[in-house]
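Student: Before I rely on any label attached to this structure, I would like to see how each one is earned. Could we go through them together?

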Amino acid sequence: MPELPEVEVCRRGVQPGVEGQVLLGAVARVPRLRLPVPEGMDRILAGQRVAAVRRRGKYLLFDCRGGATDGTLIIHLGMTGSLRFVPPGTPASRHDHVDLLFASHVLRFSDPRRFGVVLWQASGEPAHPLLAVLGVEPFDEGFTGEWLHAALRRRAAPVKPVLMDSHLVVGIGNIYASESLFRAGISPLRAANRISAGRCERLTAAVCETLSDAIAAGGSSIRDYVHSDGGAGCFQVDCAVYDRAGQPCRRCGGVVRQVRQAGRSTYWCPGCQH
DNA sequence: CCGACAACCTGTGAGC
DNA sequence: TGCTCACAGGTTGTCG
């Protein structure tokens, strides 16, 4: 799935075919993904106009207006979720769980592992609990070295799993956590609260650069990720350390190593990262 | 409060 | 060819 760059690429790919369009309805073929799909989604969405497609962390937000129940459709792609446009009437295959129906096309949500989420948030309701607990956006002004330094003070765990904690910062998944730390020259094993203010400054910059580069490259191409138009991303070929265990570091020539942290694979170059 | 871990699912590739 | 196992982009809840 999709970390922040893939979700942002997905948002930009989907936006032209959705914004300003009127929904004829929706089809849900499964009662639940990671969480239950909203009851009566077809009735809720039918007749609404999609005013905007936004992103918060790894969540896509479709603002819907014009119905009796204005609100926001929330979609999370989980590990293997994807959105793509198909012509009306296209038969659904095994993992095509939800369709958003427009007059001239269908936006189809597919997700083999079903770790994704589709939710409805009516206007006026308090922020959905899943969104309310999210941390700062990497591209927001609040994501500074000073802020990160303060946030890491309380965390004794290795910095890599902390960097992936969406309650602190959103959008940094397993790939870009390793890549950002490589770019910043910081070992993923280093205790979060033992990173200097100066290196936190460097780390926030590295995170933003890594994510921006990935967005510019069109997202990652790992396994089943596809763009809304069906084309594969191409970022992974440029990974400095992720999934490169045993191979030479592109910067110093040393051997890239792999370790397991909090149940996830981490990759780093001991020669470049301390 | 913090952190490690299991759980939620299916698919794929490696090894036998 | 076919079986079994480990592992894969995320997040939440539980337990120590």
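Tutor: What follows takes several labels in turn and sets each value against its cut-off. Keep in mind throughout that this is a predicted model.

Student: How do you know how confident the predictor is in chain A?

Tutor: The scale of pLDDT runs from 0 to 100, and on that scale chain A averages 93, with 93% of the residues scoring at least 70. There are stretches to read with more care, among them residues 221–226, where pLDDT stays under 50 and the model has 17 contacts beyond four places in sequence, and residues 229–236, where pLDDT also stays under 50 and the model has 23 such contacts.

Student: Why is Asn174 called buried?

Tutor: The label requires a relative accessible area under 20%, and Asn174, which belongs to helix H6 (residues 174–184), has 10% relative accessibility, so it counts as buried. Leaving aside neighbours within four places in sequence, Asn174 is in contact with Glu3, Lys160, Met164, Tyr242, Arg264 and Ser265.

Student: What makes the approach of Asn174 to Ser265 a polar contact?

Tutor: A pair of N or O atoms has to lie within 3.5 Å, and a polar atom of the Asn174 side chain is 3.1 Å from the backbone oxygen of Ser265, so the pair falls inside that limit.

Student: Why is helix H1 described as largely enclosed by the rest of the structure?

Tutor: Of the eleven residues of H1 (residues 4–14), nine are buried, and therefore the helix is largely enclosed. Among the buried ones are Leu4, Val7 and Arg11, and the cover over the buried residues includes strands S2, S3, S5 and S7 together with helices H6 and H7.

Student: How do you know that strand S8 is covered on both faces?

Tutor: Val117, Leu119 and Gln121 on one side and Val118, Trp120 and Ala122 on the other are all buried, which agrees with the count of six buried residues out of six for S8.

Student: What makes S4 and S8 a pair of strands?

Tutor: At least two bridges are needed, and S4 (residues 71–76) and S8 are joined in the antiparallel sense over six bridges, so the requirement is met. As one example, His76 has Val117 of S8 as its bridge partner.

Student: Which part of Ala156 makes a polar contact with DNA strand B?

Tutor: A polar backbone atom of Ala156 lies 2.7 Å from a phosphate oxygen of DNA strand B, whereas Arg94 uses an N or O atom of its side chain, 3.2 Å from a phosphate oxygen.

Technical notes. Residues numbered from 1 in each chain as written. Chains lettered and ligands numbered in written order. Predicted model: local features only at pLDDT ≥ 70, side-chain atom pairs only at ≥ 80, totals over all residues. Heavy atoms only, no water. Helix = DSSP H or I, 4+ residues; strand = E, 2+ residues; numbered from the N terminus. Buried < 20%, exposed > 50% of the residue type's maximum accessible area, 1.4 Å probe, protein only. Polar contact = N/O pair within 3.5 Å; in protein donor to acceptor, adjacent residues only side chain to side chain. Contact = heavy atoms within 4.5 Å.
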